[in-house]
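Here are my notes on the model, set out as numbered points. They begin with the pocket and then turn to the strands and the backbone.

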Amino acid sequence: MRYIYLPVAVAAALLASCVGQKAFTIITTPEGATVSINGKQQDGTTPLTTTIQQDKDLGIVVEKPGYQVESVTINTQTSWWRALLWTENDPNARYIEEDSVTIPLTPLRTNATYTPSILEPFRFPEEEHKPLNNSPIPELRPLPEM
C-alpha cells in the first residue's frame, strides 16, 4: 500500500525538474554584438551561451556599432502532457523549446563619404586682412562656467 505513492512522487519530481533553468545560445552574424535579455545586460559578446528561465518569454536585444539594433521575442510553448497536470496558464505548464537563436544584423546605411578637395584653400590678400578703422582686434576670452 505504501508503494503506491512512489510512482506518483517520481512523476511529480520529473515534471518539476523539466521546468526551471536551461542553457540558451544567442548567435549573431556578424559576431561580437552585446546582448540584453529581458532588459538585463549579459556579460560577453555573441556567440553567447547563458542560463535562462525556461518558463518565461524572452525579449532579446542585440547591439553592435555600425549595425541596426535588432530585437527578437521568443514565446513559451504549452506542453500537452504538462497541461494535463496544470492549467495552460500556469507557468509550470509552459516552457521554451528552442536551445538557440540566430539573429542577422543589418549594417547601417550612410550616404556620407569624405572626398578630399583638389582646390587650394582660399587666402585673403594682405591689405584686406587689416582691421577696419585701425581699431584693435578684440581679445578672445573663455566663456564663464555655468
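**Notes on the predicted model**

1. The largest pocket has a lining of 13 residues, and those nearest its centre are Ile37, Lys40, Gln42, Thr51 and Ile52. Strands S3 and S4 are the elements that contribute two or more residues to this lining. The volume of the largest pocket is about 240 Å³. The model is a predicted one.

2. On the overall make-up, the protein has two helices and nine strands. Read from the N terminus, the order of elements is α-β-β-β-β-β-β-β-α-β-β. Of the 146 residues in the protein, 21% are buried. The exposed surface comes to about 12000 Å², with 57% of it supplied by carbon and sulfur atoms. As for contacts between residues at least 6 apart in sequence, 58% join residues at least 24 apart.

3. Which strands make up the open sheet, and in what order? There are three, arranged as S4-S1-S9, and their pairing is mixed. S4 and S9 (100–104) are the edge strands, each pairing on one side only. On average, neighbouring strands of this sheet are turned by 30 degrees against each other, with direction ignored. Within the sheet, six bridges join S1 and S4 in the antiparallel sense; one pair of bridge partners is Gln21 and Gln53, the latter in S4.

4. Strand S5 (residues 58–63) deserves a separate point. S5 runs antiparallel to S2 (residues 34–37), to which four bridges join it. Ser36 has Val61 of S5 as its bridge partner. S5 also runs antiparallel to S6 (residues 70–74), here with five bridges, and Leu58 is the bridge partner of Ile74 in S6. Strands of a sheet pair through backbone hydrogen bonds, in either a parallel or an antiparallel sense.

5. Which side chains of S5 are buried, and which are not? Leu58, Ile60 and Val62 point to one face and are buried. Gly59, Val61 and Glu63 point to the other face and are not buried. Such alternation between the two faces of the sheet is what a regular strand shows. Two residues already named as bridge partners thus appear here on opposite faces: Leu58 on the buried one, Val61 on the other.

6. S5 and S6 form a hairpin, with six residues between the two strands. Gly66, in the turn, has a positive phi of about 90 degrees.

7. Where does the other positive phi fall? Asn38, which is not a glycine, has a positive phi of about 50 degrees. Asn38 sits in the loop between S2 and S3. For comparison, most residues other than glycine have a negative phi, and most peptide bonds are trans.

8. Two cis peptide bonds should be checked against the displayed model. One runs from Thr29 to Pro30, with omega near 0 degrees, and Pro30 lies in the loop between S1 (21–29) and S2. Another joins Thr46 and Pro47, with omega about 0 degrees. Pro47 is in the loop between S3 (40–45) and S4 (48–53), the two strands that also give two or more residues to the lining of the largest pocket.

Technical notes:
Residues are numbered from 1 along each chain as its sequence is written. This is a predicted model: local features need pLDDT of at least 70, side-chain atom pairs count only at pLDDT 80 or more; totals for chains, interfaces and linings use all residues. Side-chain values use heavy atoms; hydrogens and water are left out. Buried means under 20% relative accessible area, exposed over 50%, partly exposed in between (1.4 Å probe, protein chains only). Two strands pair if DSSP finds at least two bridges between them. Axes are lines fitted to C-alpha atoms, for helices over the stretch in contact, and angles run from 0 to 180 degrees between N-to-C directions. Contact means heavy atoms within 4.5 Å. Accessible areas come from the Shrake-Rupley method with a 1.4 Å probe; for residues, only the protein chains shown count as cover. On a 1 Å grid over the protein atoms alone, a cavity is a set of points where a 1.4 Å probe fits but cannot get out, and a pocket is an open set with protein on both sides within 12 Å along at least five of seven lines; lining residues have an atom within 4 Å of a point. Grid points are joined across faces, edges and corners, and a volume is the space filled by probe spheres set on the points.
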